[in-house]
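The following exercises concern one protein structure. Please study the sequence and the model before reading the solutions.

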Amino acid sequence: MISFAVILSALELGCIYSLVALALLLSFRVLNIADMTTDGSFTLGCAVSATLAVAGHPLLAIPAAMACGAAAGFITAALQTQLKVPSILAGIITNTGLYTVNLAVMGFSSNVNMLKTQTLFTLVRPFFGTFYRLVPAAVIAAAVAAALVLFLKTRLGLSIRATGDNPDMVRASSINTSFTITVGLCVSNACTALSGALIAQYQKTADISMGTGMVIIGLASLIIGETLVRRGKLWGKALGVVLGSILYRFIMAIALRLDLPSECLKLISAVIVALAIGLPNLPTARKGGGKKC
(Lines give C-alpha, C1' and ligand atoms only; values in the text may rest on other atoms or scores of the structure.)
Protein backbone atom coordinates (compact mmCIF):
# COMPACT_ATOMS: atom_id res chain seq x y z
CA MET A 1 0.00 0.00 0.00
CA ILE A 2 1.45 3.36 -1.03
CA SER A 3 1.12 5.98 1.68
CA PHE A 4 -0.03 9.57 1.22
CA ALA A 5 3.52 10.79 1.87
CA VAL A 6 4.87 8.64 -0.96
CA ILE A 7 2.18 9.87 -3.36
CA LEU A 8 2.84 13.48 -2.40
CA SER A 9 6.58 13.05 -2.86
CA ALA A 10 6.09 11.46 -6.28
CA LEU A 11 3.90 14.37 -7.37
CA GLU A 12 6.42 16.92 -6.10
CA LEU A 13 9.43 15.29 -7.72
CA GLY A 14 7.46 14.57 -10.89
CA CYS A 15 6.67 18.26 -11.32
CA ILE A 16 10.26 19.33 -10.67
CA TYR A 17 11.86 16.72 -12.94
CA SER A 18 9.31 17.46 -15.66
CA LEU A 19 11.35 20.60 -16.36
CA VAL A 20 14.19 18.37 -17.59
CA ALA A 21 11.76 16.46 -19.79
CA LEU A 22 10.42 19.75 -21.19
CA ALA A 23 14.00 20.79 -21.92
CA LEU A 24 14.56 17.55 -23.83
CA LEU A 25 11.27 18.08 -25.65
CA LEU A 26 12.81 21.26 -27.04
CA SER A 27 16.33 20.00 -27.77
CA PHE A 28 15.72 16.32 -28.58
CA ARG A 29 12.32 16.48 -30.28
CA VAL A 30 11.98 20.00 -31.67
CA LEU A 31 15.60 20.79 -32.58
CA ASN A 32 16.49 17.13 -33.21
CA ILE A 33 19.71 17.52 -31.22
CA ALA A 34 20.95 14.96 -28.69
CA ASP A 35 22.12 17.49 -26.10
CA MET A 36 24.47 15.78 -23.65
CA THR A 37 24.92 18.99 -21.64
CA THR A 38 21.88 18.02 -19.57
CA ASP A 39 23.76 16.27 -16.75
CA GLY A 40 26.20 19.14 -16.26
CA SER A 41 23.52 21.86 -16.55
CA PHE A 42 21.39 20.14 -13.92
CA THR A 43 24.29 19.98 -11.48
CA LEU A 44 25.18 23.59 -12.31
CA GLY A 45 21.66 24.64 -11.36
CA CYS A 46 21.99 22.70 -8.09
CA ALA A 47 25.36 24.28 -7.30
CA VAL A 48 24.33 27.87 -8.04
CA SER A 49 21.04 27.51 -6.20
CA ALA A 50 22.62 25.97 -3.10
CA THR A 51 25.47 28.47 -2.95
CA LEU A 52 23.19 31.51 -3.24
CA ALA A 53 20.63 30.05 -0.83
CA VAL A 54 23.34 29.50 1.79
CA ALA A 55 24.39 33.10 1.20
CA GLY A 56 20.83 34.18 2.06
CA HIS A 57 19.33 34.62 -1.43
CA PRO A 58 17.06 31.60 -2.10
CA LEU A 59 14.77 33.48 -4.49
CA LEU A 60 17.62 35.12 -6.44
CA ALA A 61 19.13 31.64 -6.77
CA ILE A 62 16.35 30.56 -9.16
CA PRO A 63 16.91 33.08 -12.01
CA ALA A 64 20.68 32.96 -11.42
CA ALA A 65 20.68 29.19 -11.94
CA MET A 66 18.66 29.59 -15.13
CA ALA A 67 21.10 32.21 -16.45
CA CYS A 68 24.04 29.91 -15.76
CA GLY A 69 22.25 27.02 -17.47
CA ALA A 70 21.60 29.22 -20.50
CA ALA A 71 25.32 30.08 -20.57
CA ALA A 72 26.16 26.35 -20.63
CA GLY A 73 23.75 25.88 -23.53
CA PHE A 74 25.37 28.82 -25.32
CA ILE A 75 28.80 27.18 -25.07
CA THR A 76 27.45 23.90 -26.46
CA ALA A 77 25.76 25.78 -29.29
CA ALA A 78 28.95 27.74 -30.06
CA LEU A 79 30.98 24.54 -30.26
CA GLN A 80 28.40 23.08 -32.59
CA THR A 81 27.69 26.07 -34.84
CA GLN A 82 30.98 27.98 -34.86
CA LEU A 83 33.60 25.25 -34.47
CA LYS A 84 31.51 22.61 -36.31
CA VAL A 85 31.85 20.08 -33.50
CA PRO A 86 29.22 17.30 -33.82
CA SER A 87 26.28 17.96 -31.51
CA ILE A 88 26.82 14.93 -29.27
CA LEU A 89 30.53 15.67 -28.85
CA ALA A 90 29.80 19.35 -28.20
CA GLY A 91 27.51 18.40 -25.33
CA ILE A 92 30.03 15.92 -23.93
CA ILE A 93 32.81 18.51 -24.05
CA THR A 94 30.70 21.12 -22.23
CA ASN A 95 29.49 18.55 -19.73
CA THR A 96 33.08 17.53 -18.97
CA GLY A 97 34.17 21.12 -18.44
CA LEU A 98 31.17 21.84 -16.23
CA TYR A 99 32.42 19.31 -13.67
CA THR A 100 35.22 21.67 -12.68
CA VAL A 101 32.95 24.71 -12.95
CA ASN A 102 30.40 23.10 -10.64
CA LEU A 103 33.09 22.26 -8.09
CA ALA A 104 34.30 25.87 -8.23
CA VAL A 105 30.76 27.20 -7.69
CA MET A 106 30.46 25.02 -4.58
CA GLY A 107 33.81 26.26 -3.24
CA PHE A 108 35.67 23.18 -4.48
CA SER A 109 33.61 20.99 -2.18
CA SER A 110 31.76 17.95 -3.46
CA ASN A 111 28.56 18.93 -1.63
CA VAL A 112 26.77 21.83 0.04
CA ASN A 113 24.66 21.31 3.16
CA MET A 114 21.50 23.42 3.37
CA LEU A 115 19.79 21.92 6.44
CA LYS A 116 19.65 25.26 8.27
CA THR A 117 19.09 27.36 5.14
CA GLN A 118 15.93 29.16 4.09
CA THR A 119 14.67 27.96 0.71
CA LEU A 120 11.88 28.82 -1.67
CA PHE A 121 9.81 26.03 -0.15
CA THR A 122 10.33 27.00 3.48
CA LEU A 123 9.42 30.60 2.63
CA VAL A 124 5.98 29.57 1.33
CA ARG A 125 5.34 26.91 3.96
CA PRO A 126 3.15 29.17 6.17
CA PHE A 127 0.77 29.70 3.22
CA PHE A 128 0.35 26.12 1.93
CA GLY A 129 0.92 23.88 4.95
CA THR A 130 1.35 20.22 3.95
CA PHE A 131 1.49 21.13 0.27
CA TYR A 132 4.21 23.77 0.66
CA ARG A 133 6.46 21.90 -1.76
CA LEU A 134 3.86 20.59 -4.19
CA VAL A 135 2.16 23.93 -4.92
CA PRO A 136 5.31 25.87 -5.95
CA ALA A 137 6.62 22.88 -7.93
CA ALA A 138 3.32 22.43 -9.78
CA VAL A 139 2.93 26.15 -10.47
CA ILE A 140 6.47 26.46 -11.83
CA ALA A 141 6.10 23.32 -13.98
CA ALA A 142 2.80 24.58 -15.41
CA ALA A 143 4.23 28.06 -16.02
CA VAL A 144 7.32 26.71 -17.80
CA ALA A 145 5.24 24.31 -19.93
CA ALA A 146 2.87 27.12 -20.94
CA ALA A 147 5.73 29.55 -21.61
CA LEU A 148 7.53 26.96 -23.75
CA VAL A 149 4.43 26.24 -25.84
CA LEU A 150 3.72 29.94 -26.34
CA PHE A 151 7.37 30.58 -27.21
CA LEU A 152 7.35 27.86 -29.87
CA LYS A 153 4.32 29.54 -31.47
CA THR A 154 6.15 32.84 -31.91
CA ARG A 155 8.02 33.71 -35.08
CA LEU A 156 11.34 32.77 -33.49
CA GLY A 157 9.83 29.60 -32.08
CA LEU A 158 8.50 28.59 -35.48
CA SER A 159 11.99 29.18 -36.91
CA ILE A 160 13.43 26.87 -34.25
CA ARG A 161 10.86 24.19 -35.08
CA ALA A 162 11.64 24.56 -38.78
CA THR A 163 15.36 24.25 -38.05
CA GLY A 164 14.76 20.89 -36.40
CA ASP A 165 12.55 19.70 -39.26
CA ASN A 166 14.62 20.81 -42.24
CA PRO A 167 17.71 23.01 -41.63
CA ASP A 168 18.57 23.20 -45.34
CA MET A 169 15.17 24.66 -46.19
CA VAL A 170 15.52 27.13 -43.32
CA ARG A 171 18.89 28.30 -44.61
CA ALA A 172 17.39 28.72 -48.07
CA SER A 173 14.78 30.98 -46.46
CA SER A 174 17.57 33.27 -45.18
CA ILE A 175 17.07 32.24 -41.55
CA ASN A 176 20.23 32.00 -39.45
CA THR A 177 20.19 28.40 -38.20
CA SER A 178 23.16 29.06 -35.92
CA PHE A 179 21.05 31.63 -34.08
CA THR A 180 17.99 29.40 -33.79
CA ILE A 181 20.08 26.48 -32.53
CA THR A 182 21.78 28.74 -29.99
CA VAL A 183 18.49 30.12 -28.69
CA GLY A 184 16.98 26.65 -28.49
CA LEU A 185 19.88 25.17 -26.54
CA CYS A 186 20.03 28.18 -24.22
CA VAL A 187 16.33 27.86 -23.38
CA SER A 188 16.62 24.09 -23.01
CA ASN A 189 19.54 24.23 -20.60
CA ALA A 190 17.95 27.07 -18.65
CA CYS A 191 14.97 24.76 -18.00
CA THR A 192 17.33 21.97 -16.95
CA ALA A 193 19.21 24.26 -14.56
CA LEU A 194 15.89 25.46 -13.13
CA SER A 195 15.03 21.86 -12.32
CA GLY A 196 18.40 21.42 -10.61
CA ALA A 197 17.91 24.65 -8.64
CA LEU A 198 14.54 23.47 -7.35
CA ILE A 199 15.84 20.00 -6.48
CA ALA A 200 18.71 21.46 -4.46
CA GLN A 201 16.31 23.59 -2.42
CA TYR A 202 13.80 20.74 -2.21
CA GLN A 203 16.34 18.26 -0.83
CA LYS A 204 18.33 20.94 1.04
CA THR A 205 21.57 19.66 -0.37
CA ALA A 206 23.67 19.89 -3.52
CA ASP A 207 26.12 17.22 -4.62
CA ILE A 208 28.53 17.09 -7.54
CA SER A 209 26.97 13.81 -8.72
CA MET A 210 23.30 14.90 -8.60
CA GLY A 211 23.11 15.31 -12.38
CA THR A 212 24.45 11.87 -13.22
CA GLY A 213 22.00 10.00 -15.45
CA MET A 214 19.69 12.99 -15.79
CA VAL A 215 19.48 12.45 -19.57
CA ILE A 216 18.01 8.98 -19.01
CA ILE A 217 15.52 10.27 -16.44
CA GLY A 218 14.44 13.07 -18.75
CA LEU A 219 14.14 10.76 -21.75
CA ALA A 220 12.14 8.24 -19.73
CA SER A 221 9.67 10.95 -18.73
CA LEU A 222 9.53 12.33 -22.27
CA ILE A 223 8.91 8.97 -23.91
CA ILE A 224 6.34 7.89 -21.32
CA GLY A 225 4.56 11.19 -21.93
CA GLU A 226 4.61 10.64 -25.68
CA THR A 227 3.15 7.17 -25.13
CA LEU A 228 0.36 8.61 -23.00
CA VAL A 229 -0.38 11.43 -25.47
CA ARG A 230 0.59 10.07 -28.88
CA ARG A 231 -1.17 12.68 -30.94
CA GLY A 232 -1.96 16.29 -30.36
CA LYS A 233 -0.66 19.79 -30.65
CA LEU A 234 2.07 21.39 -28.59
CA TRP A 235 -0.21 21.81 -25.58
CA GLY A 236 -0.94 18.10 -25.57
CA LYS A 237 2.72 17.20 -25.91
CA ALA A 238 3.71 19.49 -23.04
CA LEU A 239 0.97 18.06 -20.84
CA GLY A 240 2.04 14.54 -21.77
CA VAL A 241 5.63 15.32 -20.75
CA VAL A 242 4.55 16.54 -17.31
CA LEU A 243 2.27 13.52 -16.82
CA GLY A 244 5.05 11.22 -18.01
CA SER A 245 7.44 12.67 -15.44
CA ILE A 246 4.90 12.19 -12.64
CA LEU A 247 4.20 8.60 -13.74
CA TYR A 248 7.93 7.91 -13.87
CA ARG A 249 8.31 9.09 -10.25
CA PHE A 250 5.43 6.81 -9.24
CA ILE A 251 7.22 3.88 -10.89
CA MET A 252 10.38 4.77 -8.98
CA ALA A 253 8.39 5.05 -5.74
CA ILE A 254 6.91 1.58 -6.30
CA ALA A 255 10.40 0.20 -6.99
CA LEU A 256 11.63 1.64 -3.70
CA ARG A 257 8.62 0.21 -1.87
CA LEU A 258 9.60 -3.23 -3.18
CA ASP A 259 12.89 -2.80 -1.29
CA LEU A 260 14.97 -2.85 -4.45
CA PRO A 261 18.54 -1.60 -3.88
CA SER A 262 19.05 2.07 -4.75
CA GLU A 263 21.89 0.98 -7.04
CA CYS A 264 19.29 -0.65 -9.30
CA LEU A 265 17.35 2.56 -9.99
CA LYS A 266 19.48 3.53 -12.99
CA LEU A 267 18.95 0.07 -14.49
CA ILE A 268 15.21 0.41 -13.91
CA SER A 269 15.29 3.79 -15.67
CA ALA A 270 17.05 2.24 -18.66
CA VAL A 271 14.50 -0.59 -18.81
CA ILE A 272 11.61 1.90 -18.63
CA VAL A 273 13.05 3.88 -21.55
CA ALA A 274 13.58 0.71 -23.60
CA LEU A 275 10.03 -0.53 -22.92
CA ALA A 276 8.46 2.88 -23.58
CA ILE A 277 10.23 3.06 -26.95
CA GLY A 278 9.83 -0.56 -27.98
CA LEU A 279 6.38 -1.65 -26.81
CA PRO A 280 4.35 0.72 -29.05
CA ASN A 281 6.30 -0.60 -32.06
CA LEU A 282 5.69 -4.30 -31.38
CA PRO A 283 2.37 -4.58 -33.29
CA THR A 284 3.92 -2.84 -36.31
CA ALA A 285 7.00 -5.07 -36.15
CA ARG A 286 4.84 -8.22 -36.03
CA LYS A 287 2.76 -7.13 -39.00
CA GLY A 288 5.89 -6.30 -40.97
CA GLY A 289 7.48 -9.61 -40.03
CA GLY A 290 4.48 -11.50 -41.29
CA LYS A 291 4.67 -10.13 -44.82
CA LYS A 292 6.13 -12.30 -47.57
CA CYS A 293 8.73 -11.03 -49.98
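**Exercise 1: Burial of a helix**

Helix 10 is mostly covered, with 11 of its 15 residues buried (under 20% relative accessible area, 1.4 Å probe, protein chains only). The model is predicted: local features need pLDDT of at least 70, side-chain atom pairs count only at pLDDT 80 or more, and totals for chains, interfaces and linings use all residues. Residues are numbered from 1 along each chain as its sequence is written, and side-chain values use heavy atoms, without hydrogens and water.

Task: State which elements cover the buried residues of helix 10.

Solution.
1. Helix 10 spans residues 214-228; helices are DSSP runs (H or I, at least four residues), numbered from the N terminus.
2. Its buried residues include Met-214, Leu-219 and Ile-224.
3. Among the elements covering them are helix 1 (4-30), helix 2 (38-54), helix 11 (234-257) and helix 12 (265-278).

**Exercise 2: Packing of two helices**

Task: Determine how helix 10 is oriented to helix 12.

Solution.
1. The two helices, helix 10 and helix 12, pack at an angle of about 30°, with axes 9 Å apart.
2. Helix 10 is therefore roughly parallel to helix 12 (angles under 35 degrees count as such).
3. Contact (heavy atoms within 4.5 Å) involves, among others, Ile-217 and Ile-224 of helix 10 and Ile-272 and Val-273 of helix 12.

**Exercise 3: One residue**

Task: Decide whether Gln-201 is buried or exposed.

Solution.
1. Gln-201 lies in helix 9 (residues 177-203).
2. Because its relative accessibility is 2%, Gln-201 counts as buried.

Terms used. Expected span 1.5 Å × (residues − 1). Buried < 20%, exposed > 50% of the residue type's maximum accessible area, 1.4 Å probe, protein only. Axes fitted to C-alpha atoms, helices over the stretch in contact; angles between N-to-C directions. Parallel < 35°, antiparallel > 145°, perpendicular 65-115°, else oblique.
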